[in-house]
Amino acid sequence: MKPKNLEIHLQKVQGFKNPVAGLEQYMTPAPLAARFLFDAFLHGDIEGMKVLDLGCGTGMLSVGAALLGGDVTGVDGDSSALLTAEENAALQKLDITFRREVVRAETAEADSYDTVIMNPPFGAQNEHADRPFIEAALISAPVVWGIFNKGSIPFIKAYTKDSAEITDKVAAKLSIPRQFFFHTKDIMEIPVEIVRLERYG
């Protein structure tokens with residue numbers, strides 16, 4: 001599947017019916033999701049792999065990874081979002097496992113997956129909200145792909161210095177439509193970085 005075809009499929013994914021600002025529930029836009037997942041695919045981290053989507057929301061990354069040949073499990077703490085994720089998977093006739101679970105290191109299944117994909121909260125509403133995602137991801141799989149706020153690379157390097165290294169990074173943009181009262185623009189373009197982490201050992 002070519003990136004443009006993947007993006008077309010992902011345009012069909014439905015977003016949050018009642019997004020929660022405190023959880024930073026923004027659906028990853030289809031163009032960014034397609035680019036992110038295709039980069040992971042080209043590294044050999046999706047097709048034929050057991051893939052965990054941490055904080056899967058309504059399933060944008062899960063659906064894309066499954067379309068690229070991954071055996072995908074999506075995890076999220078919001079049951080309403082998971083219902084929509086299941087609908088999105090069914091619409092495209094994909095066999096994806098979705099599970100309700102708050103993302104944290106204490107409940108991560110050690111080495112149960114080959115690859116983690118995630119678009120974690122940036123911590124705009126709750127400081128350090130991304131840390132449990134990074135910790136759980138590196139417990140769950142040896143390879144982690146994440147979308148992070150621009151300027152996060154020094155933090156990620158420092159936070160994972162004893163457990164992993166950054167093996168790839170790509171600049172991109174995250175488009176967020178107006179959906180909360182504090183948004184002042186119809187569409188906000190936020191610079192982000194797609195990061196690949198590989199665990200030591």
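This report looks at helix α4 and at the cavities of a predicted model.

## Helix α4 and its length

Let's start with the helix itself. α4 runs over residues 79-91, and its 13 residues should span 18 Å at 1.5 Å a residue. The C-alpha atoms at its two ends are 19 Å apart, which agrees with that expectation.

Both ends have a detail you may like to inspect. At the start of α4, the backbone nitrogen of Ser80 has a side-chain oxygen of Asp78 within 2.9 Å. After the helix comes Lys93, with a positive phi near 55°.

## Two faces of α4

Which residues of α4 are buried? They are Ala81, Leu82, Thr84, Ala85, Asn88 and Ala89. These residues lie on the same side of α4, because the arc they cover around the axis is only 160°. The general geometry helps here: an α-helix has 3.6 residues a turn, so residues three or four places apart point the same way.

The cover over the buried residues of α4 includes helix α3 (60-67) together with the strands β2 (71-76) and β3 (97-100). On the face turned away from the buried side, you will find Leu83, Ala90 and Leu91, which are exposed.

## Cavities

How many cavities of 30 Å³ or more does the structure hold? There are two, and the largest cavity contains about 70 Å³ of space.

The lining of the largest cavity is made by 13 residues. Nearest its centre lie Leu52, Leu54, Glu101, Ala108 and Ser140. Strand β1 (50-54) and helix α5 (131-140) are the elements that each give two or more residues to this lining.

Definitions and conventions:
Residues numbered from 1 in each chain as written. Predicted model: local features only at pLDDT ≥ 70, side-chain atom pairs only at ≥ 80, totals over all residues. Heavy atoms only, no water. Helix = DSSP H or I, 4+ residues; strand = E, 2+ residues; numbered from the N terminus. Expected span 1.5 Å × (residues − 1). Buried < 20%, exposed > 50% of the residue type's maximum accessible area, 1.4 Å probe, protein only. Arc of directions from axis to C-beta. Contact = heavy atoms within 4.5 Å. Polar contact = N/O pair within 3.5 Å; in protein donor to acceptor, adjacent residues only side chain to side chain. 1 Å grid on protein atoms, 1.4 Å probe; cavity = no way out; pocket = protein on both sides within 12 Å on 5 of 7 lines; lining within 4 Å. Points joined across faces, edges and corners; volume = space filled by probe spheres on them.
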